[in-house]
Amino acid sequence: MKKLSLKHKIALVELVVFVAIVIWFLAPRSLDRTIRDFDPAAVTEVQAQLTAFNGQEGRTVTLSQGEAAFDQLLTLLESKKYIPYYLERDAQRSIALDYKVQLHFTQGAADYTYTFSGDRAIDLTGDGAAKTYQVTDSDVFQQSVLDFLLEQEYTKLEVN
């Protein structure tokens with residue numbers, strides 16, 4: 001069997017490093033790995049703002065730790081793996097739902113936001129960082145989260 005030359009060994013190491021970097025940037029992540037320091041177990045409150053697109057009334061749903069709906073929402077969000085979705089910041093977003101959903105997570109002094117409107121992208125912000133992700137069956141998943149939130153007790157969304 002022929003031995004690899006030094007040039008071939010270096011090329012092989014470069015290939016392995018390249019593949020590792022690609023996997024790092026494209027690998028699916030759990031919700032707690034999407035944004036640095038975000039810990040779903042440490043969230044104390046979730047406030048959902050549902051902004052209507054079709055003339056319906058907007059809603060605000062507030063869920064606190066210890067409520068069954070709070071646990072169900074976090075379980076639903078954690079049931080998916082989040083795949084980084086790289087797109088231009090000013091890219092036009094399609095609106096496939098009747099509402100734009102913006103979830104605000106309170107975790108100590110930190111505030112994290114989870115936003116979607118029915119297109120493939122889910123925006124996650126927190127700790128000064130904004131990242132975009134997608135999940136498998138994104139449209140079905142987002143609709144299920146919206147349906148869950150619409151079933152909850154709400155107050156009228158006050159638009160400033």
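1. Two strands are taken to pair when DSSP finds at least two bridges between them. With that in mind, Thr-106 of this predicted model stands opposite Asp-111 in strand S5. Seven bridges join strand S4, residues 99–107, to strand S5, residues 110–116, and the two strands run antiparallel. Another of the paired positions is His-104, whose bridge partner in S5 is Thr-113. Two residues lie between the strands in the hairpin of S4 and S5, where Gly-108 takes a positive phi near 65°.

2. The wider setting of this hairpin is an open sheet of eight strands, which follow the order S3-S7-S6-S5-S4-S1-S2-S8 and pair in an antiparallel manner. The edges are held by strand S3 (83–84) and strand S8 (155–156), each of which has a single partner strand, so one side of each is left without a neighbour in the sheet. Helix H2, residues 68–78, packs on the sheet and touches strand S1 (45–52), strand S2 (59–64), S4 and S5, while its direction makes about 100° with that of S2.

3. On its other flank in the strand order, S4 is joined to S1 by eight bridges, and these two strands also run antiparallel. Within this pair, Gln-49 has Gln-102 of S4 as its bridge partner.

4. Further along the sheet, five bridges join strand S6, residues 122–126, to S7, and the strands run antiparallel. Asp-123 has Thr-132 in S7 as its bridge partner. The hairpin of S6 and S7 has two residues between the strands, and in this hairpin Asp-127 takes a positive phi near 55°. S7 is joined in turn to S3 by two bridges, again with the strands running antiparallel, and here Pro-84 stands opposite Tyr-133 in S7.

5. How do helices H2 and H3 pack against each other? Helix H3 covers residues 138–150, and its axis lies 11 Å from that of H2, with an angle of about 175° between the two. The two helices are therefore roughly antiparallel to each other, since angles over 145 degrees are counted in that way. On the H2 side the contact is made by Ala-69, Gln-72, Leu-73, Leu-76 and Leu-77, and on the H3 side by Phe-141, Ser-144, Val-145, Phe-148 and Leu-149. Sorted by class, this contact of H2 with H3 has eight nonpolar and two polar residues, with no charged residues.

6. Turning to open space, the largest pocket holds about 250 Å³. It is lined by 15 residues, and the closest to its centre are Arg-29, Pro-84, Tyr-86, Lys-131 and Tyr-133. Pro-84 and Tyr-133, which are among these central residues, are also the two that stand opposite each other where S3 meets S7. Two or more lining residues come from each of helix H1 (6–26) and strand S7 (129–134), and S7 gives the most, with three residues. In the lining as a whole, eight residues are nonpolar, two are polar and five are charged.

7. Which residues line the largest cavity? They are Leu-31, Thr-34, Ile-35, Phe-38, Phe-105, Tyr-112, Thr-113, Tyr-114 and Leu-124. The volume of this cavity is about 40 Å³, and the count of cavities of 30 Å³ or more comes to one. S5 gives the most to the lining, with three residues, and Thr-113, one of the lining residues, is the bridge partner of His-104 described above. By class the cavity lining has seven nonpolar and two polar residues and no charged residues, whereas the lining of the largest pocket includes five charged residues.

Methods: Residues numbered from 1 in each chain as written. Predicted model: local features only at pLDDT ≥ 70, side-chain atom pairs only at ≥ 80, totals over all residues. Heavy atoms only, no water. 1 Å grid on protein atoms, 1.4 Å probe; cavity = no way out; pocket = protein on both sides within 12 Å on 5 of 7 lines; lining within 4 Å. Points joined across faces, edges and corners; volume = space filled by probe spheres on them. Helix = DSSP H or I, 4+ residues; strand = E, 2+ residues; numbered from the N terminus. Nonpolar A, V, L, I, M, F, W, Y, C, P; charged D, E, K, R; others polar. Contact = heavy atoms within 4.5 Å. Axes fitted to C-alpha atoms, helices over the stretch in contact; angles between N-to-C directions. Parallel < 35°, antiparallel > 145°, perpendicular 65-115°, else oblique.
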